[in-house]
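Biologist: Before we discuss packing, please show the model under consideration.

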Amino acid sequence: MSAKKEQMNIKFNEFMQLHVKAIRNTGIILVVLGFIALLLPIAATLAIELMLGWLIMLGGVTQILHAFRSKGVSRFWWEIGIGVLYCCIALMLLVNPMQGAVTITVLLTILFLIEGIFKIMLAIQQWSTSTSLWLLFSGLISVALGLIILSDISGNASWVLGLMVGINFVFAGWALIRQASYFNSDK
């Protein structure tokens, strides 16, 4: 093993041992939220879409307020335009949540595919640890979920977002719990 890679492993191990409780608790929260989303996938889809809509609306209102604070500056109309654009997008999400769910489902598909690839790469990089198999499994699940969503995005948008987020949270949480238990036993 190269000196640089060995130093990275030492820093990673130190980090994991220092933050084992937070990592375990994060995993538990993700598993619980994942099971709730699995039990109520349509409600989870709607909640995700509406929360995003309100967050974008808040961003738009904040942008408009900022523009009025800088009135007289040459950027005023540009900042107003950006704030209004945010608010219009938010209204589209809030008024027609199912159409917004299709859009978010496409973005989630991209997220799952990239997340899965990154987790697989991280598992390969940390192959010497016993938690690398769980990380690899979590990455493979993320890629599989992305590919499943791609197969029929528009037909399943009302429930697939909540279901897939639920599945992803359960496996991501379980991987964190396993990592925390591994590093907790080293103490």
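Biologist: Is Trp 174 buried, exposed or partly exposed?

Modeller: The model is a predicted one. Buried requires under 20% relative accessible area and exposed over 50%. Trp 174 has a relative accessible area of 36%, so this residue is partly exposed.

Biologist: Which geometry does the ring pair of Trp 134 and Trp 174 have?

Modeller: Trp 134, at 30% relative accessibility, also counts as partly exposed. The ring centres of Trp 134 and Trp 174 are 5.9 Å apart, and their planes stand at 75°. Planes over 60 degrees apart count as edge-to-face, so the pair of Trp 134 and Trp 174 is edge-to-face.

Biologist: How many residues apart in sequence are the parts that this pair ties together?

Modeller: Ring pairs link Trp 134 and Trp 174 with Phe 137 and Phe 171 into a cluster. Trp 134 lies in helix H6 (residues 132-151), whereas Trp 174 lies in helix H7 (residues 157-184). The pair therefore ties together parts whose separation in sequence is 40 residues.

Biologist: Over what arc around the axis do the buried residues of H4 spread?

Modeller: The buried residues of H4 are Phe 76, Glu 79, Ile 80, Gly 83, Cys 87, Ala 90, Leu 93 and Leu 94. They lie on the same side of H4, because they cover an arc of only 150°.

Biologist: Which helices are included in what covers the buried residues of H4?

Modeller: The face turned away from the buried side carries the exposed residues Trp 77, Trp 78, Leu 85, Met 92 and Val 95. The cover over the buried residues of H4 includes helix H3 (41-69) and helix H5 (97-125).

Note on methods: Residues are numbered from 1 along each chain as its sequence is written. This is a predicted model: local features need pLDDT of at least 70, side-chain atom pairs count only at pLDDT 80 or more; totals for chains, interfaces and linings use all residues. Side-chain values use heavy atoms; hydrogens and water are left out. Buried means under 20% relative accessible area, exposed over 50%, partly exposed in between (1.4 Å probe, protein chains only). Helices (H or I, at least four residues) and strands (E, at least two) are DSSP runs, numbered from the N terminus. The arc is that of the directions from the helix axis to the C-beta atoms. Contact means heavy atoms within 4.5 Å. Rings of Phe, Tyr and Trp (its six-membered ring) pair if their centres lie within 6.5 Å; planes under 30 degrees apart count as stacked, over 60 as edge-to-face and the rest as tilted.
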